[in-house]
Amino acid sequence: MVKNSFISVISQEEKEENKGSVEFQVFRFTNKIRRLTSHLELHRKDYLSQRGLRKILGKRQRLLSYLSKKNRIRYKELISHLDIRESKTR
C-alpha cells in the first residue's frame, strides 16, 4: 500500500484557517477515498471498509453538488486540482 502518493493541494496555513470550508472537506474525503481504495485492492472481502467507502463517496458527492450549485467556478477549480471527473447531472 502506497502511503505517500496522496495529494497536497492545500498549503499548511490554509488547512489551519479553513477546516470547515467545502473545498477542505472534499480534499479530506478524496484522500480518505484514495487510501481506502488502495486498501480494498489488497483486501477484497473487507466489507466494512467497502461500506465506509460508499458512505464517504456519498458525502463527497453531496458536497460537490452543493458547491456546483453555489459557485460553479470554485467547483471547476476544485475538481481540476483534485483530478476528479465531473459528475453527471440528472
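At 1.5 Å a residue, the 21 residues of helix α2 should span 30 Å, and the end C-alpha atoms of α2 lie 31 Å apart, in agreement with that expectation. The model examined here is a predicted one, and α2, covering residues 22-42, is a convenient place to enter it.

Many side chains of α2 are hidden from solvent. The buried residues of this helix are Val 22, Glu 23, Phe 24, Val 26, Phe 27, Phe 29, Thr 30, Asn 31, Ile 33, Leu 36, Ser 38 and Leu 40. The spacing of such positions can be read with helix geometry in mind: an α-helix has 3.6 residues a turn, so residues three or four places apart point the same way. Ser 38 deserves a closer look. With a relative accessible area of 17%, Ser 38 is buried, because the value falls under the 20% cut-off. The side chain of Ser 38 also finds a polar partner, reaching the backbone oxygen of Arg 35 at 2.8 Å.

Stepping back to the whole chain, the protein contains 4 helices and 0 strands, so that its elements, read from the N terminus, follow the order α-α-α-α. Of its 90 residues, 29% count as buried. Among contacts with a separation of 6 or more, 53% involve residues 24 or more positions apart.

Further along, helix α3 (residues 47-70) packs against helix α4 (residues 72-82) at an angle of about 135°, with the two axes 6 Å apart. An angle of about 135° lies between 115 and 145 degrees, and α3 and α4 are therefore oblique to each other. On the α3 side the contact is made by Leu 64, Leu 67, Ser 68 and Lys 70, while α4 contributes Arg 72, Arg 74, Tyr 75, Leu 78 and Ile 79. By residue class, this contact divides into 5 nonpolar, 1 polar and 3 charged residues.

Tyr 75, one of the α4 residues in that contact, has a relative accessibility of 3% and so counts as buried. Between Tyr 75 and Ser 65, the C-alpha to C-alpha distance is 8.7 Å, for a sequence separation of 10 residues.

The segment after α4 includes Asp 83, and here the picture is a contrasting one. Asp 83 has a relative accessible area of 66% and is exposed, because this value is over 50%. Its backbone is also worth a glance: phi of Asp 83 is near 60°, a positive value in a residue other than glycine.

Technical notes. Residues are numbered from 1 along each chain as its sequence is written. This is a predicted model: local features need pLDDT of at least 70, side-chain atom pairs count only at pLDDT 80 or more; totals for chains, interfaces and linings use all residues. Side-chain values use heavy atoms; hydrogens and water are left out. Helices (H or I, at least four residues) and strands (E, at least two) are DSSP runs, numbered from the N terminus. Buried means under 20% relative accessible area, exposed over 50%, partly exposed in between (1.4 Å probe, protein chains only). A polar contact is a pair of N or O atoms within 3.5 Å; within protein, one must be able to donate a hydrogen and the other to accept it, and residues adjacent in sequence count only if both atoms are side-chain atoms. Axes are lines fitted to C-alpha atoms, for helices over the stretch in contact, and angles run from 0 to 180 degrees between N-to-C directions. Angles under 35 degrees count as roughly parallel, over 145 as roughly antiparallel, 65 to 115 as roughly perpendicular and the rest as oblique. Contact means heavy atoms within 4.5 Å. Ala, Val, Leu, Ile, Met, Phe, Trp, Tyr, Cys and Pro count as nonpolar, Asp, Glu, Lys and Arg as charged, and the others, Gly among them, as polar. The expected span of a helix is 1.5 Å times one less than its number of residues.
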